[in-house]
Amino acid sequence: MCAIRCRVLLGIVPYHGTLRWAAGSRKEFAEMTRAAPGPRRDRVRGSRMPRSSAETREHVLGVAHELFYWHGIRATGVDRVAAAAGVAPTTLYRLFASKDDLIGAYIERADGLYREWFTAAAAAGGPDPREQVLAVFDALDEQIQPQHC
């Protein structure tokens, strides 16, 4: 990370596998990279439209949820989350200041999803409290599917 910043500050910027000398100002650098041959930055990932910050955040949290659930929080690094989500690590750090912030957002999201599921499962039982409890157990049985374990 530091090496990239140093290269940018010194005016040596990697561009499409080669090094180019950056111009003296940001404006000149932006003009140079815009005029350079090669794929446009917004087309690098394919033909899909770029996501908004909120959509990117939700996408990263969804990917982190899967990785944390299946591989564990300690075993899953930020670089692995970024690679699986298809975003640059700098984008991930722009959304979450640290891995701890990512984990906190993951726990809040998982809690919200679980509470929504639980409320919907209980509501399926109708107004009778006994039926609500049975409906929660039916929903658990459906979600766990012990016959497939």
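In this short talk I will go through the helices of one chain and how some of them pack against each other.

Before anything else, please keep in mind that what you see above is a predicted model, and that every value I mention was computed from that model.

Let me begin with the overall layout. The chain has seven helices and two strands, and if you follow the sequence from its start, these elements come in the order α-β-β-α-α-α-α-α-α. There are 149 residues in the chain, and 21% of them are buried. If we take the contacts with a separation of 6 or more, then 38% of these join residues that lie 24 or more positions apart.

Now I would like to turn to helix 3, which covers residues 53-71, and helix 4, which covers residues 78-85. Their axes come within 9 Å of each other and cross at roughly 125°. An angle counts as roughly perpendicular from 65 to 115 degrees and as roughly antiparallel over 145, and helix 3 and helix 4 are therefore oblique to each other. The crossing of these two helices is right-handed. On the side of helix 3, the residues that take part are H59, V60, V63, A64, L67, F68 and H71, and they meet R80, V81, A84 and A85 of helix 4. Sorted by class, this contact of helix 3 with helix 4 holds eight nonpolar residues, two polar ones and one charged one.

Staying with helix 4 for a moment, we can ask which of its residues are buried. They are V78, V81, A82 and A85. These four lie on the same side of helix 4, because they cover an arc of only 95° around the axis. On the face turned away from that buried side, helix 4 carries the exposed residues D79 and A83. What covers the buried residues of helix 4, then? The cover includes helix 3, helix 5 and helix 6. Just after helix 4 ends, you will find G86, which takes a positive phi of about 75°.

Two single residues help to fill in this part of the picture. L92 has its place in helix 5, and it counts as buried, since its relative accessibility is 1%. Setting aside neighbours within four places in sequence, L92 is in contact with V60, V78, V81, A82 and L102. The C-alpha atoms of L92 and D79 are separated by 8.9 Å, while the two residues are 13 apart along the chain. The other residue is T56, which is found in helix 3. T56 is buried as well, because its relative accessible area is 10%, and buried means under 20%. Not counting residues up to four places away in sequence, T56 touches R51, V87, T91 and L95.

Finally, let us look at helix 6, residues 99-123, and helix 7, residues 129-144. Here the axes are 7 Å apart and the packing angle is about 125°, which makes helix 6 oblique to helix 7. Helix 6 passes helix 7 in a right-handed crossing. From helix 6, the residues W117, F118, A121 and A122 meet Q132, A135, V136, A139, L140 and Q143 in helix 7. This contact of helix 6 with helix 7 is made up of eight nonpolar and two polar residues, with no charged residues.

Terms used: Residues are numbered from 1 along each chain as its sequence is written. This is a predicted model: local features need pLDDT of at least 70, side-chain atom pairs count only at pLDDT 80 or more; totals for chains, interfaces and linings use all residues. Side-chain values use heavy atoms; hydrogens and water are left out. Axes are lines fitted to C-alpha atoms, for helices over the stretch in contact, and angles run from 0 to 180 degrees between N-to-C directions. Angles under 35 degrees count as roughly parallel, over 145 as roughly antiparallel, 65 to 115 as roughly perpendicular and the rest as oblique. A crossing is left-handed if the near helix is turned anticlockwise from the far one by less than a right angle, and right-handed if clockwise. Contact means heavy atoms within 4.5 Å. Ala, Val, Leu, Ile, Met, Phe, Trp, Tyr, Cys and Pro count as nonpolar, Asp, Glu, Lys and Arg as charged, and the others, Gly among them, as polar. Buried means under 20% relative accessible area, exposed over 50%, partly exposed in between (1.4 Å probe, protein chains only). The arc is that of the directions from the helix axis to the C-beta atoms.
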